[in-house]
Amino acid sequence: MCTVSYIGSGREIIITSNRDESVVRPVALPPEVYTAGQKQLLYPKDPSGGGSWFTADHFGNAAVLLNGAEEKHLRALRYRKSRGLILTEVAAAASPIVHWKNISLEGIEPFTIILLEKKELYQLAWNGRKKTNIKLSSQDNYLWSSVTLYSEKFRRKRDMWFRDYLSGKLIISAADMLSFHSEAGKDDQENGLMMNRNDVLQTVSITQISINEERVAMTYLQMQPRTEYSKMMAVCP
């Protein structure tokens, strides 16, 4: 929910997310398939709020959460609802993009959602006052870093690491992206993709999906204790 990459230039779509959290926050539950309305949703669950930061459904759609919107905000003492619950609500809708346009977000902390729906890619943001909806090319490659943790300088630097890593690669695999999310900026604990700020705030997991015409495959790497989970779901035609 703090670093997200999207690879749309290959034979399958690959989305990978590093979750940076307080080390005292309860460990997330590994990915499972949940029934939500008329959908099957695959996601790891945050036991604190009951929501998630990364979802995929059985139609090959996906939604990933980033904390913050265009700029770093001052946190309020209380919010109406967890952003992770907003994500699962949007993902569970028959059309997530339509639901996004209609949902009221008053009293919700600022956030960004990277949404893939019917092979269309969107960057959706709520800054505490208004929603924005930017349509992106689903065949390009992107990297997002949360504005709440990374300055503009380091967001640009991380994007440079991303572009350099992809440069010259004719095929980009899911394994490549797990490697990037594990190794990029490893000499900078404050701002590398596997960040650690004084053993208080650090990367606690990496979640990834790869999507093709037949299936959605999710890999979940939990850092403490070090555990790997894999879950697959067939895509409905």
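This report describes two pockets and two helices of a predicted model.

## Basis of the description

Because the model is predicted, local features need pLDDT of at least 70 and side-chain atom pairs count only at pLDDT 80 or more, while totals for chains, interfaces and linings use all residues. Residues are numbered from 1 along each chain as its sequence is written, and side-chain values use heavy atoms, with hydrogens and water left out.

## The largest pocket

The largest pocket has a volume of about 570 Å³. A pocket here is an open set of points on a 1 Å grid over the protein atoms alone, where a 1.4 Å probe fits, with protein on both sides within 12 Å along at least five of seven lines, and its lining residues have an atom within 4 Å of a point; a volume is the space filled by probe spheres set on the points, which are joined across faces, edges and corners. Of the 26 lining residues, Glu 21, Asn 67, Arg 75, Arg 83 and Glu 109 are the closest to the centre of the largest pocket.

Strand E2 (13–22), strand E6 (62–67) and helix H1 (83–92) each supply at least two residues of this lining, and the largest share, four residues, comes from E2. Helices (H or I, at least four residues) and strands (E, at least two) are DSSP runs, numbered from the N terminus.

## The second largest pocket

The second largest pocket holds about 490 Å³ of space. It is lined by 23 residues, of which Ile 13, Gly 60, Lys 119, Ile 211 and Glu 213 are the closest to its centre.

## Helix H1

Seven of the 10 residues of H1 are buried (under 20% relative accessible area with a 1.4 Å probe, protein chains only; exposed means over 50%), so H1 is largely enclosed by the rest of the structure. The buried residues are Arg 83, Gly 84, Ile 86, Leu 87, Thr 88, Val 90 and Ala 91, and what covers them, by contact (heavy atoms within 4.5 Å), includes strand E4 (39–45), helix H2 (96–102) and strand E7 (111–117).

## Helix H3

Helix H3 (residues 152–166) has 15 residues and reaches 21 Å from its first C-alpha to its last, close to the 21 Å expected at 1.5 Å times one less than its number of residues. Its buried residues are Phe 154, Arg 158, Trp 161, Phe 162 and Leu 166; seen down the axis of H3, they fall within an arc of 125 degrees (taken over the directions from the helix axis to the C-beta atoms), so they line one face of the helix.

On the other side of H3, Lys 153, Arg 156 and Asp 164 are exposed.
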